[in-house]
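Student: I should like to learn how to read the features of a protein model. May we work through one together?

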Amino acid sequence: MYVGTLSFDLLLGDVHSLKEKRSVVRPIVAELQRKYAVSAAEVDHMDLHRRAVIGLAVVSGDTAHVADVLDRCERLVAGRPEVELLSARRRLHGDDD
């Protein structure tokens, strides 16, 4: 069994309140969950209205599948015009860890 994790540090565009932040972050999280069957959530910078960290995880018996899903998720987030991807951090956890 392999678990892949990915976290995105995001700078949000024209956002002036936490309510506006939610209207940007929630659709991204929902799309990741719907398209790629990953567990995803906003995990940091909850009190800042122009920053967000989204974390996700995927489980598979095949490392190639984990890498493919993480690649697709990163492309999806990087392609969103309303956010700037500051960094993406990925980790692969296997039975040997």
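**Reading the model**

Tutor: Let us begin at a single residue: just after α1, Ala37 takes a positive phi of about 50°. This is a predicted model, in which local features need pLDDT of at least 70 and side-chain atom pairs count only at pLDDT 80 or more, while totals for chains, interfaces and linings use all residues. Residues are numbered from 1 along each chain as its sequence is written, and side-chain values use heavy atoms, with hydrogens and water left out.

Student: In which loop is Ala37 placed, and does Ala37 count as buried or exposed?

Tutor: Accessibility is read in classes: buried means under 20% relative accessible area, exposed over 50%, and partly exposed in between, with a 1.4 Å probe and protein chains only. Ala37 belongs to the loop between α1 and β2. Its relative accessibility is 68%, so Ala37 counts as exposed. Ala37 has this positive phi although it is not a glycine.

Student: Which residue in the turn between β2 and β3 has a positive phi?

Tutor: His45 does, with a phi of about 60°, and His45 is not a glycine. The strands β2 and β3 form a hairpin with six residues between them.

Student: How are the helices and strands assigned, and in what order do the elements run?

Tutor: Helices (H or I, at least four residues) and strands (E, at least two) are DSSP runs, numbered from the N terminus. Here there are two helices and four strands, in the order β-α-β-β-α-β from the N terminus on. The radius of gyration is taken over C-alpha atoms, and the globule rule is 2.2 Å times the number of residues to the power 0.38. For the 97 residues of this protein the rule gives 13 Å and the model has 14 Å, which is close, so the protein is as compact as a globular protein of that length.

Student: How many bridges join the strands that pair with β3?

Tutor: Two strands pair if DSSP finds at least two bridges between them. β1 and β3 pair in the antiparallel sense over 10 bridges, and Thr5 stands opposite Ala57 in β3. Strand β2 (residues 39-44) is joined to β3 by five bridges, also antiparallel, with Glu42 opposite Ile54. β3 is mostly covered, seven of its 10 residues being buried.

Student: What should the span of helix α2 be, and which of its residues are buried?

Tutor: The expected span of a helix is 1.5 Å times one less than its number of residues. Helix α2 (residues 63-78) has 16 residues and should therefore span 22 Å; its end C-alpha atoms are 22 Å apart, which agrees. Its buried residues are Val66, Val69, Leu70, Cys73, Leu76 and Val77. Seen down the axis of α2, these fall within an arc of 120° (taken from the directions from the helix axis to the C-beta atoms), so they line one face of the helix. The face turned away from that buried side carries the exposed residues Ala64 and Arg75.

Student: Against which elements do the buried residues of α2 pack, and what covers those of α1?

Tutor: Packing is read from contacts, meaning heavy atoms within 4.5 Å. The buried residues of α2 pack against β1 (2-12), α1 (18-36), β3 (51-60) and β4 (83-93). In α1, the buried residues are Lys21, Val24, Val25, Ile28, Val29, Glu31 and Leu32, and their cover includes β1, β2, β3, α2 and β4.
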